[in-house]
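Colleague: I'm new to this one. Could you walk me through the spaces in it and whatever sits in them?

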Amino acid sequence: MRTFWRLLGFLRPYRVGVVASLVLAALATVATVLIPALTGTAVNAIEDGDRDALVAAALLIVAAGVARLVLTVLRRLVAGRVSLGVELDLRDAVYGHLQSLELAFFDRQQTGQLMSRATVDLQSVRFFLGYGLVFMMQALLTIVMAAGAMVILQPGLAAIALIPVPFVVWVAYRYGVKARPAAQEVQQRLAELTAEAEENISGVRVVKAFSREGRQLARFRRATERVFAQAMRSTRIQAGYSPFIGFLPQLGLAAILFFGGRRVIEGDLSLGDFTAFYTWLLMLLGPMRMLGMALGMAQRATASGARLFEVLDTEPRIASPADPAPLPDGRGRVELRGVTVRYDGAAEPALRDVSLDVAPGTTVALVGPTGSGKTTLVQLIGRLYDPVEGAVLLDGADVRTLALEDLRRVVATVDDSPFLFSATIAENIAYARPDASREEIEDAARRAQAHEFIARLPDGYDTMVGERGLTLSGGQRQRLAIARALVADPRVLILDDATSSVDASTEALIKAALAEAMEGRTTFVIAHRLSTIALADEIVVLEGGRIVARGTHDELLEVDGLYREIAEKGLPDQVFLTRNPPEREAAGL
Ligand code: ADP
Ligand code: MG
């Protein structure tokens, strides 16, 4: 119920529209309820042979009909605006809030599901707030007015005729609660089927090459069977409820014909009044059904609202402090003091009591086996995650005291699979600083060794890339990402596996780009290639979330067995893959 009231809160900016549509609905209802009364008058006029009264009644019926038509058109327009406005607001609120949440939230949630659920839930909330509420009021009003008129005219008869009303409303409500979700499930299964078909067709080369047509067909078959089963479920619900919604009121109509008709025969009731009575009951059928449906809508909207509020009520765990400290001057000194990091739900900490002090302008290479905590360590600097213990300092300030925008403006990351947005190359490079001039963009691209290939593209810097644009090679994407980082001109540059997907011919180019990028700023580089590691002033060796050695290349050759192994074999990727973290080794894995 609280959720329900909170949902109504979204109507506040649309007060005028809501009131207007309620007034329009009420007026339309009056016109509607008048029609049976006028019909009764007309029938009485026929019986009395009163031509003038008949003409008047007929004209009034037309007038009431026209009034109803106009009022309904207006109401739909107004309600439509309210509904779409609410949808817009809700969408902004939900997506805006998602943006404010920290990375760890997205680790916990399945983003795709979150989005699709948000779409469905948004729909059901907006539909109820925009239309359902007015339907409900209108239906209720119609029922009350018509029933009132019937009771005034013939209380006894009204009592009999109105018996089915609550049942119809209840059946329609149950139907609304069950049928809609079942129909949505069918849509979901269909979407899965489409995805399956799409995969079969786009993967046809592999399917044929391994002659797995049979297996694919079987998978497809299972997907179609799921659609069938769900559609049958939906059909059974339809079959079980809809006919009753029509049947129950017919009992009321039969009762009226029987009891009311007898009174007309006995002369207790005029034929006109009887007709009016009968028509009111007929007229109630729609609203009864509508009321039930609207109640179902309300029920669904409340459930959907609860899910939306669940997202909206999730407080961001990583946010700018209320009173952020100004970004201190400096050239990118990075200090980790006794830092321990534990991911949600992880049994072991990803970093244990790590301390590291990196002087401004130096390049530090992080090496270590997969899962040793290299990425975790660098993500702390831009506060993508917070440590559970210890502190991270940038130029002397604890990163938790800084505004996130300030902090992230001076820390830039290039990772192993740079993401390109569906935009032009220039826009992608200028992502961190949309106001960057074309000269700055080109300069960054030159330094990232990307200018040459960009200049050769059909539209140069205005070539569309990303999902709906030109596909670039791994090395090209990497260089674009480096250019993107350079435009931001950060104090701290993080290159996390930034050269992993690059072949030997572009490696030289990337290396030149990296050397350029590192110039004059603190750089953390995570790499498997010795040639890249050699660019560093200092090397830090991580294992199982701990720093196990640090020093220059030559020093480490002397003291660290793991590092010597890497250097001698010259195939660090494989060395790393065969080394187990100590605790795994201890467990005999
Ligand atoms: P590296 O970059 O050295 O390969 P990571 O820092 O990515 O290592 O990972 C360190 C440990 O933390 C690993 O055991 C990894 O499985 C875990 N880990 C990394 N990211 C997450 C995450 N988002 N959620 C949970 N555990 C994670
Ligand atoms: Mg990593």
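Modeller: Sure. Bear in mind that this is a predicted model. A good place to begin is the largest pocket, with a volume of about 1700 Å³.

Colleague: What makes a residue part of the lining of the largest pocket, and how many are there?

Modeller: A lining residue must have an atom within 4 Å of a point of the pocket, and 38 residues line this one. Nearest its centre lie Leu103, Leu384, Arg408, Thr413 and Tyr431. Among the elements giving two or more residues to that lining are helix 3 (51–100), helix 12 (404–409), strand 6 (411–414) and strand 9 (492–496).

Colleague: How is the lining of the largest pocket split by class?

Modeller: There are 22 nonpolar residues, along with seven polar and nine charged ones.

Colleague: On to ligand 1. Which residues surround it?

Modeller: The shell includes Asp107, Tyr343, Ala350, Pro369 and Tyr385, plus Gly371, Ser372, Gly373, Lys374, Thr375 and Thr376. Helix 11 gives the most to this shell, with three residues. By class, the shell has four nonpolar, six polar and two charged residues.

Colleague: Why do you call the pairing of Lys374 with ligand 1 a polar contact?

Modeller: The cut-off is 3.5 Å between N or O atoms. A polar side-chain atom of Lys374 is 2.9 Å from an oxygen atom of ligand 1, so the pair qualifies. Thr376 makes the cut too: an N or O atom in its side chain is 2.4 Å from an oxygen atom of the ligand. With Gly373 it's a polar backbone atom, 3.0 Å from an oxygen atom of ligand 1.

Colleague: How much of ligand 1 does the protein cover?

Modeller: On its own, ligand 1 has 560 Å² of accessible area, and the protein covers 62% of that.

Colleague: What about the chain as a whole: how many helices and strands does it have?

Modeller: It has 22 helices and 12 strands.

Colleague: And how do you know whether the chain is spread out or a compact globule?

Modeller: Set the radius of gyration against the globule rule. For 589 residues the rule gives 25 Å, and the chain comes out at 36 Å, well over that, so it is more spread out than a compact globule. Along its principal axes, the C-alpha trace spans about 120 × 60 × 50 Å.

Colleague: What makes a space a cavity rather than a pocket?

Modeller: In a cavity, a 1.4 Å probe fits but cannot get out, whereas a pocket is open. Searching the whole structure turns up two cavities of 30 Å³ or more. The second largest has about 30 Å³ of space.

Colleague: Which residues line that second largest cavity?

Modeller: Leu11, Val18, Ser21, Val82, Leu129, Gly130, Leu133 and Val134. Helix 5 gives the most, with four residues. Six of the lining residues are nonpolar and two are polar, with no charged ones.

How values were computed:
Residues are numbered from 1 along each chain as its sequence is written. Chains are lettered from A and ligands numbered from 1 in the order in which they are written. This is a predicted model: local features need pLDDT of at least 70, side-chain atom pairs count only at pLDDT 80 or more; totals for chains, interfaces and linings use all residues. Side-chain values use heavy atoms; hydrogens and water are left out. On a 1 Å grid over the protein atoms alone, a cavity is a set of points where a 1.4 Å probe fits but cannot get out, and a pocket is an open set with protein on both sides within 12 Å along at least five of seven lines; lining residues have an atom within 4 Å of a point. Grid points are joined across faces, edges and corners, and a volume is the space filled by probe spheres set on the points. Ala, Val, Leu, Ile, Met, Phe, Trp, Tyr, Cys and Pro count as nonpolar, Asp, Glu, Lys and Arg as charged, and the others, Gly among them, as polar. A residue is near a molecule or strand if one of its heavy atoms lies within 4 Å of it. A polar contact is a pair of N or O atoms within 3.5 Å; within protein, one must be able to donate a hydrogen and the other to accept it, and residues adjacent in sequence count only if both atoms are side-chain atoms. Accessible areas come from the Shrake-Rupley method with a 1.4 Å probe; for residues, only the protein chains shown count as cover. The radius of gyration is taken over C-alpha atoms; the globule rule is 2.2 Å times the number of residues to the power 0.38.
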